[in-house]
Structure formats: structure tokens, C-alpha cells
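Student: I would like a close look at one part of this structure. Please take me through that part, then show me how the rest is laid out around it.

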Amino acid sequence: MENYLIAMTVFAGIYAIMALGMNLIWGLGGMVNLGLAGFYAVGAYTSALVTTKLGLPIYLAVPLAVLVSALVGVIVAVITARLQGDYLAIVTLGLAELVRLTASNEIWLTNGTDGISGVPGPWRGVLSPTAFNSLYLGIVLCIIAVLFLVLSRLAASPFGRVLRAIREDEMIAAVAGKNVLSFKIRTFAVGCGLVGLAGALFAHYSSYVAPDVFQSIVTIHVILAVAVGGVGNMRGALLGAVIVIALGEATRFLAGSLDFIAPSQAAAVRESLIALFLIVVLNVRKQGLLPEKTPVYSEEKR
Amino acid sequence: MELVQILVNGLMAGTLLAIPAIGFTTIFAVLRFPNFAVGGLMAIGAYTGLVANTMGGLPLLATLPIAFMVAGLIGVGSDKLMISGLRPSGPLAAAIGTIALGLLLENALRFVFGNEFRTFNIPPVRDWRFGDLRVPPHQVENATYALVIMAVLFCFLMFTRSGKMMRAVADNPALAGLKGINAVRTTDMATFLGMGLAGIGGVLIGLDVAIDPLIGTRTMLAVFAAAVVGGLGSIPGAVLGAFIIGLGEELALLAVAPTYRTAVGFLAILLILSFRPRGLLGERRY
């Protein structure tokens, strides 16, 4: 039971990192990444491949995974940044599909749908399962703490201010002399890098990556986390991730307790509930549980 | 000779793809946001056709209008209930909402019909052969239906009052409003039409392959690609784009494994956005 709780907290942490990345892209930058699952997969596969095939240590593999995901983000952003956000939505959605396709079919590299097993975890062999879980939880929490502090500072910094300006009105930001394109591309890249980081952390924790893990429902989960928590609020992203994991587990028990339906139907009920919940949240409480607090600059302060 | 076969296959695939691509692009033209629920509605249409055919015993042709109506009504109903409230806060929220809606619809189908692949109840017919060229008659039949539907749609948009209203809103919403065109009615009509076409597309594509709840999601990338290549919001563009994607997917078979067909659509999107962002026939760059 305690291992289960720790594992769920680790997963909540991994989702929280993705939610922070998504919040940067969506909440501050006003862009969208509907292919989150793809970037998650890129991070996970990069880290899994370089550790199992090239024998790189984990502390090098994870930064590499972040870098690769960010690079993919840069490519996508460069192509679409001059256009309206709709194109970014379509391209990212397509990218996730392409990544999954590649992961399922390039068997020489990714072992296809069987996935890659035996991805190393930090001291997995020498520690007891509980100790390993706790250690990993500690690592994830430390990473979140650092990210949270950095991103909160970033949101309050001049950089964050420019981002919010771009989100509200690109034209005005451009007239004010801001290089809108560069801001958007950098933000998108950092956000995607964070999602890749979450993927790498997932790979080293679960020791197994396969295309099935990176279904589009992951994207929905993270969008839901950000929407519930409060778009634009970093604290909200963390709260949202916890809520989404709790909701996912609650619906698992709920669907499991309906013993008159088949397992595939139970899965369908779970996904439907998540999707429905997202639609309701978007409709009813757009600002989320913790709304974004934009700094107010009063005359006296200046 | 092989090349001719590829061209024939590509053209027929393109005709089928054009129907949902027109649906997607019509909704974009009038409502100015990408409605990703198209995939879910394609699946709804496919299953509607399947039930009408295998349980109701209706011939294929009769299932098409039923699929159109059911997908159109579910499309408008779910849009009014779940998505229309999101549109005032921008295209982003609405687009995200439609992703969730598509997932919801797919899972509803999965709940009722399960994950198994199903096929229409149609007697197998021997391929027509012209020398080395093989043409399955039912593909010709489907492509013909698709062409007729496009012709009907063209007449609707060009000559009927509703069609003109839709084009007016697509062209200039503010001016259309000044002229007294009811925006809500027009957007509902566009959604109904677009989703209905997605439903028909689901049936036609389902006839070609097999049907499962993910049929729309699997085809969706090609549908978006067709719309983007032709120019988002342009109906002739969607048709042209569909032919290009259909041909491209068949031609790609010469170079890569069949599983990578879908990658063609993605590649086409990237190419067109890099060199001609408004698409081949798009009038505006959004």
C-alpha cells in the first residue's frame, strides 16, 4: 500500500513537471501544445535508448533527453510561430502521432510495440523497492521544487511580463519593440524540454517504455491539470497535477467496481470521465482553482 | 504500369479523404477554429452506417444520408452543449475542448461496440482488370458517391440562400452581421454540415478498411493535412489537398513501409507551412 502511494506521488510529480511545462507554453505564452504525449515520448525514449544502448549514465541521459525534446520543440515552433495558433495546434497534434508511429515501427531502434525494458533507475539494484521508490520520489520532488522556484521567478520577471503581453496582444508587444518570434520559440522550447524531462524521469522510474504509454490521453491529462489548477499560475499547475492523478485513480476504482462491464468498457468509462471533466472545467471555471495573479503596478509603487 | 495503378489508387483515396477534409475546412472557414472533434464524428458516422447496414439491412447508398444526419446532429448538439461556451475566450480553448469532445465520442463508441474491427456486410466482387491494372468496383462506387456529394455541396454553397449566408460569414463575419445574417444559425449550420460530411467520410473510409472506434483518429492527420495543404478555410483547396495527400500516400509506398503512410500528411503540412503558409488555394494567411 505504501509503495502504491509513493508510486502515485511520483507519477503526480512527473505530471506536475509536464503541467509546469504546459503552463509555461499555454498559461504564459498563450500557445498550445496538443502533442504533449509526443514530447513526453521523445524524452522517455531518448533517455531509455542512450542508457540501454550506449550505456550512458542516467545523469547525462536525462539532460540529453531534455535537450532533444527542446530541439524538437524549436523545430515545430520555428515552422509555425509566424502563423496563427491553429497551425501550431495541428502540427503538434500530428507530431505526437508521428512519434508514436516511429516508436511502434522502427523495431531496430525502439523494439516496436514491445517497448524497451530494463531501463536503469538510480541505484535500483542495490536498494529495496520501498527505498528505491522513496529515493526517486525525493529526486522528483527536488526537481519540482527547483523548477517551481525558477518558473515562478521567470513568470514575475521582465521575460514573463513580455510573454503575457504577447499572449494578450502580439501586435502591441511587437510595437513595443519585443521580438515576438524569438520569445515564442524560446518559451515553446523550454516548455517542451520540461515535458521531455518528465518523460525521461518516467522512463528511469518505470524501467519500461512502450508506444502504448504515450497515448493522447496523456495530453488530455496534462491540459486538464493546467486548466483545473489555473492557467498561468505555476502553483495551480502543481495542484492540478495532484488532482488529475487522484481523479485518474478514483475513476480506476470506480470503473473497477462496476463489475458488470468488461475491462475495455471500464477503460472507456475512465477516459470519458476525464474528457467530460475537462470540458466541464473549461466551461464552468475557466480561471481554474488558483487563478493567475497578474502583478498590479500602481502609481505609488513607481 | 505500376505507376498507373498507384495514380488510380491515389486518386480514389483522395476522393474519399476530400469529404471529411471539406467538413473540417468548412467549420474552420465559418467559425475560425480547428474543430478536432472531426475524428470522433467520423467514427460516429462510420458506426451509424455500419449499424444501418449490418443490423438494419440497408444498402450502402441509403446509409450515407443516415450517417450524415446522425453525425451532423450529434456534432451540432455536442457543440452547443459543450463547445460554444468556450468560443468567446478564443480559438485555443475551443480547440482544446473539441479534442476532449472527440475523445468522449470515441470512448462512447468503444463502450458500446468494443475495440474489435468490424466490416460492412457487402458481397465481395471480383476486381475489374484492365491489363495489369486492378480496380475494385466498390472503390469506384465509393469514389463516385464522394464526387456526387461534392457536386451537391457545391450547388448548395453557390445557389442556396443558406449556402450564401455561410459563405458571407466565412468571408467577413462583421459585414455579414451588418447585413442581418444570424451568426448563431449560420455557425450551427456550418457545424452541422461539417460534421455530417465527417460522418459520411467515416462511412466511405470505413468501407475501404475496417471500422473501430479509432478510425477517425487514425485518418485525422491526413484530413488536417488535406485542409492545410489546400489552404485552411478553402473548400476547393481541401479537395485539391485531399488529392495531393491521397496521391502522396500511395507514392510513398514506393519508398517506405506502408505503416508510414500517415507520416506523409505530416510532412506535407510541414512543407506547405514552410513555403506557402496560406496553402495552395487559400486566400488568406491565418
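Tutor: Start in the loop between strand E1 (116-117) and helix H6 (129-156) of chain A, where A:Trp123 is found. The model is predicted, so keep that in mind throughout. The phi of A:Trp123 is near 50°, a positive value, and the residue is not a glycine. Most residues other than glycine have a negative phi. Is A:Trp123 buried or exposed? Count the neighbours: 12 other C-beta atoms lie within 10 Å of A:Trp123. A residue with 12 or fewer is exposed, so A:Trp123 is exposed.

Chain B has a residue to set beside it. B:Arg32 is not a glycine, yet its phi is positive, about 60°. B:Arg32 sits in the loop between helix H1 (2-31) and helix H2 (38-54) of chain B. It has 19 other C-beta atoms within 10 Å, so B:Arg32 is partly exposed. Back in chain A, A:Gly30 also has a positive phi, of about 70°. A:Gly30 comes just after H1(A).

That brings us to H1 itself. Helix H1 of chain A covers residues 2-28, which is 27 residues. From its first C-alpha to its last, H1 reaches 37 Å, close to the 39 Å expected at 1.5 Å a residue. H1(A) has a kink of about 30°, centred on A:Met22. How many of its residues are buried? The count is 19 of 27, and H1(A) is mostly covered.

Now follow H1(A) into the core. The largest nonpolar core has 196 residues. H1(A) gives the largest share of this core, 15 residues. The residues with the most contacts inside the core include A:Tyr15, A:Met18 and A:Ala19, along with B:Ala18 and B:Ala225. Look at A:Ala19 in particular. Leaving out residues up to four places away in sequence, A:Ala19 touches A:Val222, A:Ala225, A:Val226, A:Gly229, A:Ala237, A:Gly240 and A:Ala241.

Step back to the whole of chain A. Its secondary structure comes to twelve helices and two strands. From the N terminus, the elements begin with five helices before a strand: α-α-α-α-α-β-α-α-α-α-β-α-α-α. A compact globule of 302 residues would have a radius of gyration near 19 Å, and chain A has 19 Å, so the two agree. The C-alpha trace of chain A spans about 60 × 45 × 35 Å along its principal axes. Buried residues make up 48% of the 302 residues in chain A. Take the contacts in chain A between residues at least 6 apart in sequence: 79% of them join residues at least 24 apart.

Next, the place where the chains meet. Here 33 residues of chain A are in contact with 41 residues of chain B. On the chain A side, the elements giving two or more residues are helix H3 (58-80), helix H4 (85-105), helix H10 (216-229) and helix H12 (263-284). The residues on that side divide into 20 nonpolar, nine polar and four charged.

Finish with one residue of chain B. B:Phe113 is found in helix H4 (residues 91-113) of chain B. B:Phe113 has 17 other C-beta atoms within 10 Å, so it is partly exposed. Not counting residues up to four places away in sequence, B:Phe113 touches B:Tyr47 and B:Pro213. B:Phe113 and B:Pro213 are 100 residues apart in sequence, but 8.1 Å apart in space, C-alpha to C-alpha.

How values were computed:
Residues numbered from 1 in each chain as written. Chains lettered and ligands numbered in written order. Predicted model: local features only at pLDDT ≥ 70, side-chain atom pairs only at ≥ 80, totals over all residues. Helix = DSSP H or I, 4+ residues; strand = E, 2+ residues; numbered from the N terminus. Expected span 1.5 Å × (residues − 1). Bend = angle between axes of the 7 residues up to and from the residue. Buried ≥ 20, exposed ≤ 12 C-beta atoms within 10 Å, placed from the backbone. Contact = placed C-beta atoms within 7 Å. Nonpolar A, V, L, I, M, F, W, Y, C, P; charged D, E, K, R; others polar. Core = buried A, V, L, I, M, F, W, Y, C linked by C-beta atoms within 7 Å. Rg over C-alpha atoms; globule rule 2.2 N^0.38 Å.
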